[in-house]
Amino acid sequence: MKKKIFQYIIIATLVSGVIISCTKLDEEVYSEVLPSKFNPSEKDLPSILAPTYASLRTVMCGWQGYFDLQEEAADCIITPVRPNGWDDAGTYRRMHQHTWTTQEYQPFNTWQNAYSSITKCNMILSQIEEGTLKLESIKESAVAELRAVRALAYYLLMDNHGNVPIVTSFKDVSLPKQNTRAEVYAFVLKELNEVLPVLSEDAATTYGRMNKWGAKALLAKIYLNSEIYVGTPEYEKCIKEADDVINSNKYQLDNNYSDVFTYTNQNSKEIIFAIPYDEIYGVGNQIHLKTLDPLSQSVYQMTAQPWGGNCAVPQFIDTYDVDDSRMKDSWIQGPQINPTSGQVMINYVKFVPGMGGTDGIVAASNQGFRIGKYVIKPKATGAMDNDFPFLRYGDVLMMKAEALLRTGKPNEAALIVTEIRKRAFKDNPGKATVTGADLLKGSNYQYGLQAPDGKVSVVNGGADIVYGRFLDELGWEFAAEAHRRQDLIRFGVFQTKRWFNHSPHPQAQTRTLFPIPQDELAKNPNLKQNPGY
């Protein structure tokens with residue numbers, strides 16, 4: 001349990017000027033504490049800022065939120081129709097086939113929750129500026145962190161929706177005007193770079209918060225994708241930001257890959273910025289319910305019954321080396337045994353016949369390997385304790401490696417990739433080593449359409465993907481971490497390749513941005529829909 005992270009119950013009322021019921025027996029009891037009598041210190045800062053982070057729990061792992069948006073639209077994870085349902089009016093099929101609508105919940109929820117964080121940041125910043133929330137000695141650090149969190153939320157909007165309004169005032173009630181993706185890009189970079197000198201450098205006391213290293217890791221990610229966002233590559237800047245994180249010596253790779261994702265991963269040495277979850281105080285991580293079949297309940301002695309939906313794309317599973325331990329650390333497969341009775345409850349197989357729906361195909365309950373990356377605690381409830389590692393040290397290393405590869409330094413990139421691979425090939429260390437020549441090869445992914453019998457036809461392969469082998473490395477390292485859509489776009493795969501039941505959309509280049517939600521267009525005539533919708 002992340003006790004320090006979730007001792008924020010007073011937050012929402014605190015920042016609006018009220019604290020309910022102080023109960024120390026040796027002090028006079030107040031029904032409320034006015035802002036003028038509240039003198040916060042450094043230890044109060046997490047509580048003041050907590051509302052701005054709370055929305056991120058729904059962005060990352062909430063129902064049909066950001067995680068689904070990044071993974072269901074990509075080539076690793078699908079949610080086929082099952083005997084117990086999961087058609088859900090075709091939403092997962094539309095996400096898979098890139099035929100989503102302007103009223104799809106996944107992009108709508110991501111938009112709503114990102115702006116929820118932005119609004120809360122603006123509210124607290126307004127209170128600080130007006131003096132209704134007097135922070136005195138911690139004012140500068142509070143303002144810097146608020147701007148960093150707001151920049152993170154705008155990064156999510158820039159990456160997914162592109163052309164969104166930049167709102168920095170809490171009290172301006174006029175309908176905001178739409179900004180271009182390039183303007184949002186410039187705003188996010190400006191905000192992060194301006195607050196860097198003030199953000200905390202202490203990794204130990206800022207878990208679950210944006211510190212200097214989280215901001216630099218986010219900058220590296222933005223610079224890595226700069227050519228997609230604004231047409232200008234910024235790989236040298238990506239390398240610089242990554243080097244700053246590396247040279248800080250604040251983080252390191254965990255000895256075991258699974259340590260990054262287990263239910264005690266608040267102790268991970270690798271996580272730079274996490275979205276904290278807790279089965280009681282910070283609910284929202286329900287990946288285990290969404291992926292496991294109901295029959296798996298007794299395997300983990302869970303107190304909640306899973307729903308049995310999403311699973312791995314068989315073609316992606318086929319790309320793994322048989323000795324890569326990330327395969328078993330990421331995907332639940334084979335016989336699942338009740339630890340009390342010894343009975344095999346279900347046997348997960350790789351094969352999935354199709355998405356189902358209009359063609360009448362229904363995937364059997366045991367078909368498809370399940371997401372097991374987020375280690376399931378015995379007797380798990382309907383909410384997981386596992387924090388979501390939004391930015392981690394392994395990601396920083398791989399961003400630097402990719403930037404080196406793209407700037408003509410494949411051998412330097414290979415040294416980093418080899419370092420990442422070492423913990424995945426402990427039983428066969430010779431396979432951990434890759435060369436620069438390896439990274440210059442195409443992808444092992446057999447891109448093409450899968451028929452109901454499992455055969456892949458209309459093959460357009462992966463050998464032609466520039467740096468495709470590096471894309472494979474990203475897939476194996478970051479499967480089910482909400483990375484895949486962004487990576488596929490950067491490598492040109494999202495717009496061009498076929499996988500499972502997906503073919504490129506007739507307007508494929510427009511699918512790299514999600515639509516502005518229809519409800520937002522109806523409310524604000526200043527907004528113009530993204531091209532292709």
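This report walks through the main nonpolar core, one helix and a small sheet in a predicted model.

## The nonpolar core

Let's start inside. The largest nonpolar core takes in 152 residues, and the members that touch the most other members are Tyr155, Ile222, Trp331, Phe388, Phe390 and Phe470. Helix 7, running over residues 139-160, gives the most to this core, with 13 residues. As a rule, nonpolar side chains in soluble globular proteins tend to be buried together.

Trp331 is worth a look on screen. Leaving aside residues up to four places away in sequence, Trp331 touches Cys76 and Ile77, then Ala312, Phe316, Ile317 and Tyr320, then Phe369, Arg370, Ile371 and Gly372, and also Ala479.

## Helix 8

Helix 8 covers residues 181-195. Its 15 residues should span 21 Å at 1.5 Å a residue, and the end C-alpha atoms sit 21 Å apart, so the expected and modelled spans agree.

Which residues of helix 8 are buried? They are Arg181, Val184, Tyr185, Phe187, Val188, Leu189, Glu191, Leu192 and Val195. The list includes Arg181 and Glu191 alongside residues such as Val184 and Leu192. In an α-helix there are 3.6 residues a turn, so residues three or four places apart point the same way. The buried residues of helix 8 pack against helix 7, helix 9 (212-224) and helix 10 (226-230).

## A three-stranded sheet

Now for the strands. An open sheet is built from 3 strands in the order 10-9-11, with mixed pairing. Strand 10 (456-457) and strand 11 (499-500) are the edges, each pairing on one side only.

Strand 9 (residues 448-450) pairs with strand 11 in the parallel sense, over 2 bridges. There, glycine 448 stands opposite tryptophan 499 of strand 11.

Notes
Residues are numbered from 1 along each chain as its sequence is written. This is a predicted model: local features need pLDDT of at least 70, side-chain atom pairs count only at pLDDT 80 or more; totals for chains, interfaces and linings use all residues. Side-chain values use heavy atoms; hydrogens and water are left out. A nonpolar core is a set of buried Ala, Val, Leu, Ile, Met, Phe, Trp, Tyr and Cys residues joined through side-chain atoms within 4.5 Å. Buried means under 20% relative accessible area, exposed over 50%, partly exposed in between (1.4 Å probe, protein chains only). Helices (H or I, at least four residues) and strands (E, at least two) are DSSP runs, numbered from the N terminus. Contact means heavy atoms within 4.5 Å. The expected span of a helix is 1.5 Å times one less than its number of residues. Two strands pair if DSSP finds at least two bridges between them.
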